[in-house]
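I opened this model to see what sits around the ligand and how the chain packs. My notes follow in the order I looked things up.

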Amino acid sequence: MELKKRKNMINNFDDKNDIFKISSEIREATLDDVADIQALTKKLFVHEISEGYSDNLDSNWSFSEEGKKEIQERITSKKSSCGFVFMIDNQIVGYLIGRILEEETGRAELKYADLEYMFVDDKYRGRSIGEKLVKKFKNWVKSKGLKIIKTNVSYKNKGAISFYTKMGLIPADVTMKMTVE
Ligand SMILES: CC(C)(COP(=O)(O)OP(=O)(O)OC[C@H]1O[C@@H](n2cnc3c(N)ncnc32)[C@H](O)[C@@H]1OP(=O)(O)O)[C@@H](O)C(=O)NCCC(=O)NCCS
(Lines give C-alpha, C1' and ligand atoms only; values in the text may rest on other atoms or scores of the structure.)
Protein backbone atom coordinates (compact mmCIF):
# COMPACT_ATOMS: atom_id res chain seq x y z
CA MET A 1 0.00 0.00 0.00
CA GLU A 2 1.39 3.41 -0.87
CA LEU A 3 2.45 5.61 2.06
CA LYS A 4 -0.16 8.34 1.55
CA LYS A 5 -2.99 5.80 1.60
CA ARG A 6 -1.63 4.18 4.77
CA LYS A 7 -1.38 7.59 6.49
CA ASN A 8 -5.00 8.35 5.53
CA MET A 9 -6.10 5.02 6.95
CA ILE A 10 -4.35 5.74 10.25
CA ASN A 11 -5.97 9.16 10.50
CA ASN A 12 -9.46 8.04 9.54
CA PHE A 13 -10.12 4.69 11.16
CA ASP A 14 -13.91 4.63 11.53
CA ASP A 15 -13.99 1.06 12.76
CA LYS A 16 -11.68 0.72 15.77
CA ASN A 17 -10.30 -2.53 14.39
CA ASP A 18 -9.27 -0.91 11.09
CA ILE A 19 -6.08 0.08 12.82
CA PHE A 20 -4.98 -3.54 12.99
CA LYS A 21 -5.33 -3.96 9.23
CA ILE A 22 -2.35 -1.64 9.06
CA SER A 23 0.85 -3.28 10.23
CA SER A 24 0.92 -3.46 14.02
CA GLU A 25 3.24 -5.26 16.39
CA ILE A 26 3.81 -5.63 20.11
CA ARG A 27 7.34 -6.46 21.15
CA GLU A 28 10.03 -6.07 23.77
CA ALA A 29 11.57 -2.61 23.81
CA THR A 30 15.19 -2.19 22.71
CA LEU A 31 17.73 0.59 23.19
CA ASP A 32 16.72 1.96 19.77
CA ASP A 33 13.31 2.74 21.27
CA VAL A 34 14.61 4.86 24.16
CA ALA A 35 14.05 8.27 22.52
CA ASP A 36 10.43 7.38 21.66
CA ILE A 37 9.82 6.05 25.18
CA GLN A 38 11.31 9.24 26.63
CA ALA A 39 8.85 11.25 24.50
CA LEU A 40 5.85 9.14 25.55
CA THR A 41 6.93 9.31 29.21
CA LYS A 42 7.05 13.09 28.91
CA LYS A 43 3.48 13.01 27.51
CA LEU A 44 2.47 10.78 30.44
CA PHE A 45 3.95 13.19 33.01
CA VAL A 46 2.44 16.27 31.30
CA HIS A 47 -0.94 14.47 31.27
CA GLU A 48 -0.65 13.63 35.00
CA ILE A 49 0.27 17.23 35.84
CA SER A 50 -2.29 18.96 33.61
CA GLU A 51 -5.13 16.74 34.83
CA GLY A 52 -4.16 17.49 38.45
CA TYR A 53 -3.29 13.84 39.22
CA SER A 54 0.14 14.74 40.56
CA ASP A 55 1.67 17.92 41.95
CA ASN A 56 5.13 16.45 42.40
CA LEU A 57 6.25 15.31 38.94
CA ASP A 58 9.00 16.89 36.85
CA SER A 59 7.67 16.95 33.29
CA ASN A 60 11.24 17.11 31.91
CA TRP A 61 12.49 14.12 33.89
CA SER A 62 12.42 11.57 31.04
CA PHE A 63 14.80 13.75 29.00
CA SER A 64 17.18 14.31 31.93
CA GLU A 65 20.34 12.20 32.20
CA GLU A 66 18.77 10.35 35.13
CA GLY A 67 15.51 9.71 33.27
CA LYS A 68 17.25 8.44 30.16
CA LYS A 69 19.52 6.17 32.23
CA GLU A 70 16.58 4.74 34.16
CA ILE A 71 14.60 3.97 30.99
CA GLN A 72 17.70 2.35 29.44
CA GLU A 73 18.20 0.26 32.57
CA ARG A 74 14.60 -0.96 32.69
CA ILE A 75 14.84 -2.10 29.08
CA THR A 76 18.19 -3.84 29.40
CA SER A 77 18.06 -5.31 32.95
CA LYS A 78 15.99 -8.27 31.85
CA LYS A 79 16.28 -10.11 35.17
CA SER A 80 14.54 -7.38 37.14
CA SER A 81 12.54 -5.26 34.71
CA CYS A 82 10.84 -5.19 31.33
CA GLY A 83 9.69 -2.83 28.61
CA PHE A 84 7.17 -3.42 25.84
CA VAL A 85 6.18 -1.22 22.93
CA PHE A 86 3.18 -1.27 20.64
CA MET A 87 3.98 -0.27 17.06
CA ILE A 88 1.69 0.87 14.30
CA ASP A 89 3.25 1.32 10.92
CA ASN A 90 6.72 1.26 12.48
CA GLN A 91 5.85 3.99 14.94
CA ILE A 92 5.66 3.47 18.73
CA VAL A 93 2.18 4.51 19.90
CA GLY A 94 2.17 2.96 23.36
CA TYR A 95 4.51 1.42 25.90
CA LEU A 96 4.69 -0.25 29.28
CA ILE A 97 7.60 -0.47 31.69
CA GLY A 98 7.61 -2.75 34.72
CA ARG A 99 10.03 -3.98 37.32
CA ILE A 100 10.36 -6.36 40.25
CA LEU A 101 10.21 -4.77 43.68
CA GLU A 102 10.43 -6.08 47.23
CA GLU A 103 7.95 -5.37 49.98
CA GLU A 104 9.13 -4.31 53.38
CA THR A 105 9.80 -7.24 55.68
CA GLY A 106 7.00 -9.18 57.33
CA ARG A 107 5.11 -10.16 54.19
CA ALA A 108 4.29 -13.72 53.11
CA GLU A 109 4.97 -12.81 49.47
CA LEU A 110 8.09 -10.63 49.46
CA LYS A 111 8.55 -9.82 45.78
CA TYR A 112 5.98 -8.31 43.44
CA ALA A 113 5.78 -6.82 39.96
CA ASP A 114 5.37 -3.07 39.76
CA LEU A 115 3.66 -1.75 36.63
CA GLU A 116 5.70 1.43 36.68
CA TYR A 117 4.74 3.40 33.55
CA MET A 118 2.29 2.93 30.76
CA PHE A 119 0.93 5.27 28.15
CA VAL A 120 -1.00 4.99 24.91
CA ASP A 121 -0.99 8.03 22.62
CA ASP A 122 -4.46 9.60 22.83
CA LYS A 123 -5.15 9.14 19.10
CA TYR A 124 -4.86 5.36 19.54
CA ARG A 125 -6.77 4.83 22.79
CA GLY A 126 -9.81 2.58 23.08
CA ARG A 127 -8.42 0.04 20.61
CA SER A 128 -7.23 -2.58 23.13
CA ILE A 129 -3.59 -1.49 22.86
CA GLY A 130 -3.39 -0.93 26.64
CA GLU A 131 -4.96 -4.33 27.20
CA LYS A 132 -2.43 -6.03 24.92
CA LEU A 133 0.46 -4.32 26.74
CA VAL A 134 -0.88 -5.46 30.14
CA LYS A 135 -1.30 -9.03 28.81
CA LYS A 136 2.37 -9.05 27.74
CA PHE A 137 3.32 -7.74 31.17
CA LYS A 138 1.23 -10.43 32.91
CA ASN A 139 3.03 -13.12 30.92
CA TRP A 140 6.39 -11.61 31.89
CA VAL A 141 5.31 -11.55 35.55
CA LYS A 142 4.31 -15.23 35.36
CA SER A 143 7.61 -16.10 33.68
CA LYS A 144 9.39 -14.58 36.69
CA GLY A 145 7.38 -16.76 39.09
CA LEU A 146 5.71 -13.73 40.68
CA LYS A 147 2.13 -13.73 41.90
CA ILE A 148 1.33 -10.09 42.55
CA ILE A 149 1.09 -7.04 40.28
CA LYS A 150 0.77 -3.56 41.74
CA THR A 151 0.65 -0.09 40.25
CA ASN A 152 0.42 3.39 41.68
CA VAL A 153 -2.37 5.54 40.34
CA SER A 154 -3.82 8.79 41.58
CA TYR A 155 -7.24 8.28 43.17
CA LYS A 156 -8.39 11.18 40.94
CA ASN A 157 -7.48 9.29 37.75
CA LYS A 158 -10.86 7.60 37.29
CA GLY A 159 -10.08 6.62 33.66
CA ALA A 160 -6.91 4.73 34.58
CA ILE A 161 -8.64 3.13 37.60
CA SER A 162 -11.45 1.88 35.29
CA PHE A 163 -8.86 0.57 32.86
CA TYR A 164 -6.84 -1.26 35.54
CA THR A 165 -10.06 -2.66 37.03
CA LYS A 166 -10.92 -4.08 33.59
CA MET A 167 -7.44 -5.60 33.56
CA GLY A 168 -8.20 -7.42 36.83
CA LEU A 169 -6.49 -5.15 39.36
CA ILE A 170 -8.46 -4.01 42.40
CA PRO A 171 -7.88 -0.94 44.59
CA ALA A 172 -5.63 -1.88 47.52
CA ASP A 173 -3.50 0.38 49.73
CA VAL A 174 -4.24 4.11 49.92
CA THR A 175 -1.25 6.47 50.22
CA MET A 176 -2.07 9.33 52.59
CA LYS A 177 -0.10 12.54 52.10
CA MET A 178 0.17 16.11 53.40
CA THR A 179 2.40 19.11 52.85
CA VAL A 180 3.94 20.41 56.08
CA GLU A 181 4.36 24.19 56.05
C1 LIG B 1 -5.06 4.06 30.53
C2 LIG B 1 -4.59 3.75 29.10
C3 LIG B 1 -3.21 3.11 29.15
C4 LIG B 1 -5.59 2.75 28.45
O5 LIG B 1 -5.13 2.40 27.17
P6 LIG B 1 -6.15 2.02 25.98
O7 LIG B 1 -5.38 1.41 24.89
O8 LIG B 1 -7.00 3.19 25.66
O9 LIG B 1 -7.08 0.92 26.71
P10 LIG B 1 -7.84 -0.30 26.03
O11 LIG B 1 -8.45 0.14 24.75
O12 LIG B 1 -6.95 -1.50 25.98
O13 LIG B 1 -9.00 -0.55 27.10
C14 LIG B 1 -9.21 -1.78 27.78
C15 LIG B 1 -10.48 -1.67 28.59
O16 LIG B 1 -10.37 -0.61 29.56
C17 LIG B 1 -11.40 0.35 29.36
N18 LIG B 1 -10.86 1.72 29.50
C19 LIG B 1 -9.72 2.19 28.97
N20 LIG B 1 -9.58 3.50 29.26
C21 LIG B 1 -10.68 3.84 29.97
C22 LIG B 1 -11.14 5.08 30.53
N23 LIG B 1 -10.42 6.21 30.41
N24 LIG B 1 -12.31 5.08 31.19
C25 LIG B 1 -13.07 3.96 31.31
N26 LIG B 1 -12.68 2.75 30.78
C27 LIG B 1 -11.50 2.72 30.12
C28 LIG B 1 -11.85 0.18 27.91
O29 LIG B 1 -13.19 0.59 27.75
C30 LIG B 1 -11.69 -1.32 27.70
O31 LIG B 1 -12.81 -2.02 28.21
P32 LIG B 1 -13.70 -2.96 27.25
O33 LIG B 1 -12.76 -4.08 26.85
O34 LIG B 1 -14.81 -3.39 28.11
O35 LIG B 1 -14.07 -2.09 26.10
C36 LIG B 1 -4.58 5.02 28.22
O37 LIG B 1 -5.86 5.61 28.25
C38 LIG B 1 -3.57 6.06 28.65
O39 LIG B 1 -2.42 6.00 28.26
N40 LIG B 1 -3.99 7.04 29.46
C41 LIG B 1 -3.17 8.16 29.88
C42 LIG B 1 -2.04 7.73 30.78
C43 LIG B 1 -2.46 6.94 31.99
O44 LIG B 1 -3.47 7.22 32.62
N45 LIG B 1 -1.63 5.92 32.31
C46 LIG B 1 -1.88 4.97 33.37
C47 LIG B 1 -1.83 5.56 34.74
S48 LIG B 1 -0.28 6.18 35.17
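**Ligand shell**

I began with the residue classes around the ligand: the shell holds 8 nonpolar, 7 polar and 4 charged residues. This is a predicted model, so I read every value below as computed. In total, 19 residues surround the ligand. I listed the closest: Arg125, Gly130, Glu131, Gly159 and Ser162. Then I asked which elements give two or more residues to this shell. They are α2 (34-50), β4 (111-120), α4 (129-143) and α5 (158-166). The top contributor is α5, with 5 residues.

**Whole chain**

Next I stepped back to the fold. I counted 5 helices and 5 strands in the chain. Along the sequence they run α-β-α-α-β-β-β-α-β-α. The chain has 181 residues, and 21% of them count as buried. I also checked contacts between residues at least 6 apart in sequence: 60% of these join residues at least 24 apart.

**Helix α4**

I picked α4 because it is among the elements that give two or more residues to the ligand shell. I checked its length before anything else. At 1.5 Å a residue, its 15 residues should span 21 Å, and the end C-alpha atoms are 21 Å apart, which agrees.

Which residues of α4 are buried? I found Ile129, Gly130, Leu133, Val134, Phe137 and Trp140. They cover an arc of only 130° around the axis, so they sit on the same side of α4. The face turned away from that buried side carries the exposed residues Asn139, Lys142 and Ser143.

I then looked for what covers the buried residues of α4. The cover includes β1 (24-28), β2 (81-88), β3 (91-102), β4 and α5. Gly130 turns up twice in my notes: it is one of the closest residues to the ligand, and it is one of the buried residues of α4. Just after the helix, Gly145 takes a positive phi of about 75°.

**Helix α3**

I ran the same checks on α3, residues 65-76. Its 12 residues should span 16 Å at 1.5 Å a residue, and the end C-alpha atoms are 16 Å apart, which agrees. Here Ile71, Arg74 and Ile75 are buried. Their arc around the axis is only 95°, which puts them on the same side of α3. On the face turned away from the buried side I noted the exposed residues Glu65, Glu66 and Lys69. What covers the buried residues of α3 includes α2, β2 and β3.

**Nonpolar core**

The largest nonpolar core has 25 residues. Which of them touch the most other members? They are Phe84, Tyr95, Leu96, Met118, Leu133 and Phe137. Each of α2, α3, β2, β3, β4 and α4 supplies at least two residues of this core. The largest share comes from β4, with 6 residues.

I followed Phe84 further. Leaving aside neighbours within four places in sequence, Phe84 is in contact with Ile26, Arg27, Glu28, Ala29, Tyr95, Leu96, Leu133, Lys136 and Phe137. Leu133 and Phe137 in that list are also among the buried residues of α4.

**Strand β2 and the loop after it**

Is Ile88 buried or exposed? Ile88 is buried, because 21 other C-beta atoms lie within 10 Å and 20 are enough to count. Ile88 lies in strand β2. I measured nothing by hand here; the model puts Ile88 and Glu25 6.7 Å apart, C-alpha to C-alpha, although they are 63 residues apart in sequence.

Asp89 is found in the loop between β2 and β3. With 16 C-beta neighbours inside 10 Å, Asp89 counts as partly exposed.

**Positive phi**

I closed with the backbone. Most residues other than glycine have a negative phi. Asp89 has a positive phi of about 50° although it is not a glycine. Ser128 is not a glycine either, and its phi is positive at about 70°. Where does Ser128 lie? I found Ser128 in the loop between β4 and α4. Ser128 is partly exposed, with 15 other C-beta atoms within 10 Å.

Notes:
Residues numbered from 1 in each chain as written. Predicted model: local features only at pLDDT ≥ 70, side-chain atom pairs only at ≥ 80, totals over all residues. Near = placed C-beta within 6 Å. Helix = DSSP H or I, 4+ residues; strand = E, 2+ residues; numbered from the N terminus. Nonpolar A, V, L, I, M, F, W, Y, C, P; charged D, E, K, R; others polar. Expected span 1.5 Å × (residues − 1). Buried ≥ 20, exposed ≤ 12 C-beta atoms within 10 Å, placed from the backbone. Arc of directions from axis to C-beta. Contact = placed C-beta atoms within 7 Å. Core = buried A, V, L, I, M, F, W, Y, C linked by C-beta atoms within 7 Å.
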